[in-house]
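Reader: Hey, got a minute to walk me through this model? I'd like the plain version.

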Amino acid sequence: MPDSAPPAAAISLSPSPAEADGLPTPRRWWAAIAVWLAISMTVLDSAIANVALPTIAHDFGAAPSESIWIVNAYQLAIVIALLPLASLGEIVGYRRIYSAGLALFTLASLTCVVSHSLPMLSLARTVQGLGAAGVMSVNGALVRHIYPNAKLGQGIGFNAMVVSASSAIGPTVASGILALGPWQWLFGVNIPIGLAALAIGWRALPENQLSERRFDWLSAALNALTFGLVISGVDVLTRTRARLFGAVETIAGFAIGTLLVLRELRRPRPLVPVDLLRDRMFALSVATSVASFAAQMLAFVALPFHFENHLHFDQVETGLLLTPWPAAVGIMAPIAGWLADRMSTAILCAIGLVIFCAGLAALATLAAQPSAFDICWRMALCGAGFGGFQSPNNRMMLTSAPRARAGAAGGMLGTARLTGQTIGAVGTATFLHLFHDQGEVIGLFVASGLAALAAVFSLSRTAVKAPAAA
């Protein structure tokens with residue numbers, strides 16, 4: 001980083017419109033800090049809630065199957081709101097959506113602290129998810145307006161590093177807080193961080209040129225029904241015996257999704273960015289993202305079962321063995337982002353994905369009694385490969401779209417990630433159900449194959465002319 005952040009007093013009190021090619025320093029770094037604080041908080045909140053589930057369930061006298069909605073409500077709200085809020089950001093401004101989302105997230109955190117029942121906490125987590133969607137939906141668009149095009153890969157790499165670091169330390173932070181106080185503290189820590197991010201963001205984040213179109217409420221409703229029904233239906237199919245109901249939900253979701261796409265095809269700037277998907281570079285980048293995140297989630301869900309059920313590590317050891325992956329992503333992501341500003345994104349992503357594929361295959365072929373070192377170097381190899389792919393691919397997705405559609409591109413970036421992760425989670429559940437003891441290993445082999453497929457998608461982009469920055 002050639003520039004260093006200045007004292008807070010150096011920030012302009014009233015935000016001016018975004019520069020043609022990024023923000024000037026020192027404002028650029030303060031804007032980046034605002035984004036980092038927000039995304040680290042939303043990622044941490046997901047991780048710490050997972051760790052606290054048994055404690056919260058015991059406190060409320062709830063069954064584990066009921067307490068899972070503390071996590072599911074948050075994730076479902078994000079998926080449903082991501083694309084509509086990205087579209088709204090193009091109309092009212094990305095910084096306003098960011099600020100509103102962050103304020104809602106912070107207020108919902110306070111509601112989580114004072115919740116006295118599981119339904120109240122689940123409702124507060126739903127509102128938290130809507131706030132997190134406000135932050136995530138415009139994150140990519142803000143980054144594109146914060147950094148000059150020559151340093152965009154670097155900026156995306158820093159974001160990926162923050163996400164990886166937050167994911168890696170999430171369980172440790174949660175355990176430390178629970179050791180010192182009640183579970184309510186897990187949500188209480190969001191309040192001062194959220195207020196600080198709001199103050200910095202209001203002063204430093206850029207404006208964007210606003211679209212004159214009206215917000216499409218019908219498409220937003222259809223989008224919510226599509227994702228809500230499909231995700232809920234798949235969850236019912238894989239985790240309960242009400243398979244007929246789950247199948248009906250899933251089919252209904254896909255039918256509504258088809259109607260949504262047909263409606264969006266006729267619109268010049270659709271809420272679901274089918275206009276961007278007509279661009280082959282953007283479409284291949286989305287396909288690369290979906291396949292790679294499906295591989296990641298397949299491994300993330302399968303590995304804890306494999307480590308504990310077959311390799312006989314305890315929960316603490318399993319947590320430590322999983323850490324090299326996000327740690328390696330955090331190291332590699334900013335390096336790959338820097339390289340993405342200087343070399344072919346398609347080739348750089350393919351190299352990372354081949355390394356990722358090799359690491360997954362190495363994990364699938366672990367010996368019956370591996371040492372901690374045998375596992376750790378394989379996990380680090382996966383993380384280094386995934387980090388090498390993530391920043392350059394995100395850069396390509398953002399720059400493939402015109403600047404006026406940066407919100408839609410950023411929303412699609414998050415949607416591709418969540419779609420891939422959902423496919424991976426469902427895939428692991430299916431393999432565990434069908435193949436029982438061999439399900440984890442089969443899942444890892446499939447994950448390796450998906451990483452290889454993602455590498456093929458990435459290399460296909462070498463035949464497509466890269467778009468000029470708009």
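Author: Here is a chat about the overall fold, a few helices and some single residues.

Author: First, this is a predicted model, where local features need pLDDT of at least 70, side-chain atom pairs count only at pLDDT 80 or more, and totals for chains, interfaces and linings use all residues. Residues are numbered from 1 along each chain as its sequence is written, and side-chain values use heavy atoms, with hydrogens and water left out.

Reader: Cool. How many helices and strands are there in the protein?

Author: The protein has 18 helices and zero strands. Both are DSSP runs numbered from the N terminus: helices are H or I with at least four residues, strands are E with at least two.

Reader: And what's the radius of gyration of the protein?

Author: The protein has 21 Å, which agrees with the value near 23 Å for a compact globule of 470 residues. That radius is taken over C-alpha atoms, and the globule rule is 2.2 Å times the number of residues to the power 0.38. Along its principal axes, the C-alpha trace spans about 60 × 55 × 50 Å.

Reader: What share of the residues count as buried?

Author: 55% of the 470 residues do. Buried means under 20% relative accessible area, exposed means over 50%, and partly exposed is in between, with a 1.4 Å probe and protein chains only. The protein exposes about 19300 Å², and carbon and sulfur atoms supply 70% of that. Those areas come from the Shrake-Rupley method with a 1.4 Å probe; for residues, only the protein chains shown count as cover.

Reader: What about contacts between residues 24 or more positions apart?

Author: They make up 83% of the contacts with a separation of 6 or more. Contact means heavy atoms within 4.5 Å.

Reader: Switching to charges: how many positive and negative side chains?

Author: There are 27 positive and 22 negative ones, and the centres of the two sets lie 11 Å apart. Lys and Arg count as positive, Asp and Glu as negative, while His and the chain ends are not counted. Each charge is placed at NZ of Lys, CZ of Arg, CG of Asp or CD of Glu.

Reader: OK, helices. What's the span of α17?

Author: Its end C-alpha atoms are 43 Å apart, which agrees with the 44 Å that the 30 residues of α17 (residues 406–435) should span at 1.5 Å a residue. The expected span is 1.5 Å times one less than the number of residues. Just after α17, His 436 takes a positive phi of about 50 degrees.

Reader: And α18, what does it span?

Author: For α18 (residues 439–460), 22 residues should span 32 Å, and the end C-alpha atoms are 31 Å apart, which agrees. The buried residues of α18 include Gly 439, Glu 440, Val 441 and Leu 444. Their cover includes α12 (280–310), α15 (345–364) and α17.

Reader: Where is Phe 105, and is it buried or exposed?

Author: Phe 105 sits in helix α4 (residues 94–114), and with a relative accessible area of 0% it is buried. Not counting residues up to four places away in sequence, Phe 105 touches Met 41, Asp 45, Tyr 74 and Asn 190, among others.

Reader: What about Ser 115?

Author: Ser 115 is in the loop between α4 and α5 (118–146), and is buried at a relative accessible area of 5%. Leaving aside neighbours within four places in sequence, the contacts of Ser 115 include Phe 60 and Trp 183. Its C-alpha is 8.6 Å from that of Gln 184, 69 residues apart along the chain.

Reader: Which residues does Ser 164 contact?

Author: Beyond four places in sequence, Ser 164 is in contact with Pro 326, Val 329 and Gly 330. Ser 164 belongs to helix α6 (residues 152–180) and is buried, with a relative accessible area of 7%.

Reader: Which residues does a cis peptide bond join?

Author: Thr 25 and Pro 26, with omega about 10 degrees. Pro 26 lies in the segment before α1 (27–60). Most peptide bonds are trans, and most residues other than glycine have a negative phi.

Reader: And what's phi of His 312?

Author: Near 65 degrees, a positive value in a residue other than glycine. His 312 is in the loop between α12 and α13 (315–322), and is exposed, with a relative accessible area of 64%.
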